[in-house]
Every structure is written in structure tokens, then in C-alpha cells.
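Hi,

Here is the structure I promised to pass on to you. Have a look at it first, and then read on for my notes on what turned up in it.

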Amino acid sequence: MRTLILFLVISVLSSNAHSSQPTTKEFMSNIQSSRYDSYLYGLESGLDWANELTYREHKMEMFCKPNDLEVSASLLKDFIKKEIANNSSFYKKYENEPLIGLAFRNSYISNFPCE
């Protein structure tokens, strides 16, 4: 029983070590690795959910991503790199802030406009 409790405590503490959002600078310095891939997939899932909820409740979509689009971590990273490059002065000014979610949302709005 003690072993099980100790294992659970260690699991919880170790999983929280990387649970905070990366800053723009941290993300960009690790963009070639898979370090933040799970984080990106979480952002994508949350953004899709928010878009669906906004549509159901307000009949408005933030973006119109094709339903059959298979997104990979590399595609999501490309979207974010492009967004940061297009607005480099803003993201440079706030490079120590966790703005990857904002860059992700803005990239979806740019790449999947609703017409």
C-alpha cells in the first residue's frame, strides 16, 4: 500500500514538472524537437472545441478548418512559425510570455478563414 501511494505521489510530482505553458522563446528554441508536440495537440483540441461551442451557442465560427484535414505536429509548427514571422515585432517584445496559444489561434484564423 505504501509503495502504491509513493508511486502515485512521484507520478503526480513528475507530471507537473513540464505542465506549465512554454514561453514563445522556449517554444521557438525547441521547435525542431518533439518536446511540445503534446502541448500543440492539446491546443488544437481545445481550439476546435471552442470553435464548435461558439458556433453552437452563437452561430459564429472563428475559423473554418476542413473536417477531413489531418494535422501533424510539423504542420502545426509551420503554422505557428509563419504567424510569429509575420508578427515578429510583437512576439519578440513578448518572447518571455506564454503566447503560443495566441499564435496558434491567429494562425488558424489566417489559414482557415470563413467565407
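Let me start with a question: is Tyr108 buried or exposed? Tyr108 is buried, since its relative accessible area is 0%. Please keep in mind throughout that this is a predicted model.

**The chain as a whole**

The chain has six helices and zero strands, so if you read along the sequence you get the pattern α-α-α-α-α-α. Of its 115 residues, 29% count as buried. About 8,000 Å² of the chain is exposed, and carbon and sulfur atoms supply 55% of that area. If you take the contacts between residues at least 6 apart in sequence, 69% of them join residues at least 24 apart.

**Aromatic rings**

Back to the rings, with Tyr108 among them. Searching the whole structure gives nine aromatic pairs. One of them is formed by Phe63 and Tyr108, an edge-to-face pair with 5.0 Å from centre to centre and 75° between the planes. Phe63 sits in the loop between H3 and H4, while Tyr108 belongs to helix H6, so this pair ties together parts of the chain that are 45 residues apart in sequence. Phe63 counts as buried, because its relative accessibility is 2%, and Tyr108, as noted above, is buried too, at 0%.

Phe90 and Tyr94 make another pair: their ring centres are 5.0 Å apart and their planes meet at 55°, so the pair is tilted. What about their exposure? Phe90 counts as partly exposed at 34% relative accessibility, and Tyr94 is partly exposed with a relative accessible area of 32%.

You may also like to colour the cluster that ring pairs build from Phe63, Phe79, Phe104, Tyr108 and Phe112. There is a charge to look at as well: Lys59 lies over the face of Tyr55, at 5.6 Å from the ring centre.

**Glu44**

Which residues does Glu44 touch, leaving aside its neighbours within four places in sequence? They are Lys65, Val71, Leu76, Phe104 and Tyr108, and two of these names, Phe104 and Tyr108, will be familiar from the ring cluster. Glu44 itself lies in helix H3, which covers residues 37-58. Glu44 has a relative accessible area of 10%, so it is buried. Along the chain, Glu44 and Tyr108 are 64 residues apart, yet their C-alpha atoms are separated by 9.4 Å.

**The disulfide**

How many disulfides does a search of the whole structure find? It finds one, and the cysteines joined are Cys64 and Cys114, with an S to S distance of 1.9 Å. This pair links distant parts of the chain, 50 residues apart: Cys64 is in the loop between H3 and helix H4 (73-86), and Cys114 is in the segment after helix H6 (100-111). The torsion about the S-S bond is about 105°, so the disulfide is right-handed. Cys64 counts as partly exposed, with 29% relative accessibility, and Cys114 is partly exposed at 36%.

If you open the model, I would begin at Tyr108, which pairs with Phe63 and is in contact with Glu44, and then move on to the bond between Cys64 and Cys114.

Happy browsing, and best wishes

Note on methods
Residues are numbered from 1 along each chain as its sequence is written. This is a predicted model: local features need pLDDT of at least 70, side-chain atom pairs count only at pLDDT 80 or more; totals for chains, interfaces and linings use all residues. Side-chain values use heavy atoms; hydrogens and water are left out. Helices (H or I, at least four residues) and strands (E, at least two) are DSSP runs, numbered from the N terminus. Buried means under 20% relative accessible area, exposed over 50%, partly exposed in between (1.4 Å probe, protein chains only). Contact means heavy atoms within 4.5 Å. A disulfide is a pair of cysteine sulfur atoms within 2.5 Å. Accessible areas come from the Shrake-Rupley method with a 1.4 Å probe; for residues, only the protein chains shown count as cover. Rings of Phe, Tyr and Trp (its six-membered ring) pair if their centres lie within 6.5 Å; planes under 30 degrees apart count as stacked, over 60 as edge-to-face and the rest as tilted. A charge sits over a ring if NZ of Lys or CZ of Arg is within 6 Å of the ring centre and within 35 degrees of the ring normal.
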